[in-house]
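Work through the exercises below with the sequence and the coordinates at hand. Each task is followed by a solution in steps.

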Amino acid sequence: MSDFLIVGGGINGLLLARKLAAADADVVLLDQGRCGKEASWAGGGIISPLYPWRYQSAVTALASWAQEFYPQLVAELVEETGIDPELRRSGLLMLAAEDAAAARRWAVRNRYKMETIDAAAIYQAEPQLARGFESGLWMPDVANVRNPRLNQALVASLSSRPNVTIREQCQVIGFSSHGNRVSGIKVILNNERGELEADIVVVCAGAWSNKVLQFLGLSVEIEPVKGQMLLFKFEQQPIKSILLNQGRYLIPRIDGHLLAGSTLEHCGFDKTATETAKQSLLQSAYKLLPMLKQHEIVGQWAGLRPGAPQGIPYIGKLDNFENLYVNAGHYRNGLVLAPASARLLADCLLGNEPIIDPAPYLPANRH
Ligand SMILES: Cc1cc2nc3c(=O)[nH]c(=O)nc-3n(C[C@H](O)[C@H](O)[C@H](O)COP(=O)(O)OP(=O)(O)OC[C@H]3O[C@@H](n4cnc5c(N)ncnc54)[C@H](O)[C@@H]3O)c2cc1C
């Protein structure tokens, strides 16, 4: 029997497994597909909430901790696995910001680097940008990471540890319980039904977390929010920083890829990439970078964000069961928040002093 069984191998499950394994616990990580291939693969990898001032302090607290920790995490992974997730501090330029005054007040309060810049500075920094932008908010410390590579590096690192077992294509289909304890985890592995045991079970199943918890008659307010994205590729990257306008963004990767995102769609668990979304994303992208009209799209995909109220994740013990925990509901910010979220839950599971106040994320406080 393992010490911890984690349901879901997205960024949140992978990073939690890493923390627990580092404390010498025996960890089993299950995924119904392959680890790191759902939202954590589909995301843009911006290491900041898009409009950080629009979130509550519970999101800011996790984001601030994680943003500072990211360079260390990536350096450790490169050292351990040789896989470089290409974390890069590209900065983020927000154009025609509707709530610039609120943003600036928030930045001062949170000691967040943010500058108002005029047209001359905008076009000096980004000469290819469409004409007509008069001012912008420049956030120089915002980074982006190639999240598929980050997941790959985490899987490689975990796979090399003797106290971690990763089981892919292993779907959780129910639980057994005894009194106030989860006593078994029912799974389908290689088309066969089985039951696993663990001292403590943690649900990190992203958009599917509520489905998993419903097997025990529990619920959390997490619903899938579909996001679609387009990909371009250039010999020479046409932009330097992440560009954001009216909720849509362009992200430059080091290798010349450029991502254009993203839609927000409430349509259940459907992950189909659609022509309507493609046209809508293209329109937004052309408004920022007209030269894209001369370039072909090389990819389009969709992922399911785990949408929780106010984007505040559920982190902690669930009602009624003494050995059942959750770490899910990171909505649009799972890639930035995950290191702090995993650390906070690991602190709680291992009896360490928590990095931040766990109260806002506890399922018991969220009814
Ligand atoms: C288009 C888009 C753009 C985004 N951009 C950003 C961004 O720039 N920055 C940012 O911070 N965040 C971004 N996000 C959000 C971020 O991707 C998510 O918040 C984050 O990936 C959630 O991670 P997770 O591990 O909770 O979920 P997931 O990565 O979805 O992982 C959950 C895992 O659970 C598994 N699972 C589910 N049910 C079961 C079961 N019954 N049994 C076993 N396994 C199960 C799934 O197979 C999956 O692998 C974006 C998301 C999208 C879709």
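**Exercise 1: a strand pair and its sheet**

Task: state in which sense strand 3 and strand 12 pair, and place the two strands in their sheet.

Solution. The model is a predicted one. Step 1: strand 3 (residues 92-95) and strand 12 (residues 242-245) run parallel and are joined by three bridges. Step 2: at residue level, Leu93 has Leu243 of strand 12 as its bridge partner. Step 3: the sheet is open, with eight strands in the order 4-5-3-12-13-14-11-15 and mixed pairing. Step 4: the edges are strand 4 (115-118) and strand 15 (299-307); each has a single partner strand, so one side of each lacks a neighbour in the sheet. Step 5: on average, neighbouring strands of this sheet are turned by 25° against each other, direction ignored.

**Exercise 2: overall dimensions**

Task: decide how the radius of gyration of the protein compares with the globule rule for 367 residues.

Solution. Step 1: the secondary structure consists of nine helices and 17 strands. Step 2: the radius of gyration is 21 Å and the globule rule gives 21 Å for 367 residues, so the protein is as compact as a globular protein of that length. Step 3: along the principal axes, the C-alpha atoms fill a box of roughly 65 × 45 × 40 Å. Step 4: of the 367 residues, 46% are buried. Step 5: of the contacts between residues at least 6 apart in sequence, 72% join residues at least 24 apart.

**Exercise 3: domains and core**

Task: give the domain division of the protein and find which domains supply the largest nonpolar core.

Solution. Step 1: domain 1 covers 2-79 + 147-221 + 309-365, and domain 2 covers 92-140 + 223-307. Step 2: their centres, taken over C-alpha atoms, are separated by 28 Å. Step 3: 22 residues from domain 1 and 23 residues from domain 2 take part in the contact. Step 4: on the domain 1 side, helix 2 (residues 39-42) gives the most, with three residues. Step 5: the largest nonpolar core has 112 residues, and Ile6, Leu16, Ala17 and Leu250 have the most contacts inside it. Step 6: helix 9 (residues 334-350) provides the largest share of this core, ten residues. Step 7: both domain 1 and domain 2 supply at least three residues each to this core. Step 8: leaving out residues up to four places away in sequence, Ala17 touches Ile6, Val27, Leu29, Leu158 and Val164.

**Exercise 4: Met229 and its surroundings**

Task: is Met229 buried or exposed, and which residues does Met229 touch?

Solution. Step 1: Met229 lies in strand 11 (residues 223-233). Step 2: Met229 has 22 other C-beta atoms within 10 Å and is therefore buried, the cut-off being 20 or more. Step 3: not counting residues up to four places away in sequence, Met229 touches Ala42, Gly44, Leu259, Ala260, Gly261, Ser262 and Trp301. Step 4: the peptide bond from Gly261 to Ser262 is cis, with omega near -20°.

**Exercise 5: backbone exceptions**

Task: which sign does phi have at Ala96 and at Gln310?

Solution. Step 1: most residues other than glycine have a negative phi. Step 2: Ala96, not a glycine, has a positive phi of about 45°; Ala96 sits in the loop between strand 3 and helix 4 (100-109). Step 3: Gln310, likewise not a glycine, has a positive phi of about 55°; Gln310 belongs to the loop between strand 15 and strand 16 (314-317). Step 4: Ala96 is partly exposed, with 14 other C-beta atoms within 10 Å, whereas Gln310 is exposed, with 12.

Terms used. Residues are numbered from 1 along each chain as its sequence is written. This is a predicted model: local features need pLDDT of at least 70, side-chain atom pairs count only at pLDDT 80 or more; totals for chains, interfaces and linings use all residues. Two strands pair if DSSP finds at least two bridges between them. Helices (H or I, at least four residues) and strands (E, at least two) are DSSP runs, numbered from the N terminus. Axes are lines fitted to C-alpha atoms, for helices over the stretch in contact, and angles run from 0 to 180 degrees between N-to-C directions. The radius of gyration is taken over C-alpha atoms; the globule rule is 2.2 Å times the number of residues to the power 0.38. Two residues are in contact if their C-beta atoms, placed from the backbone, lie within 7 Å. A nonpolar core is a set of buried Ala, Val, Leu, Ile, Met, Phe, Trp, Tyr and Cys residues joined through C-beta atoms within 7 Å. Domain bounds come from an automatic or database domain assignment.
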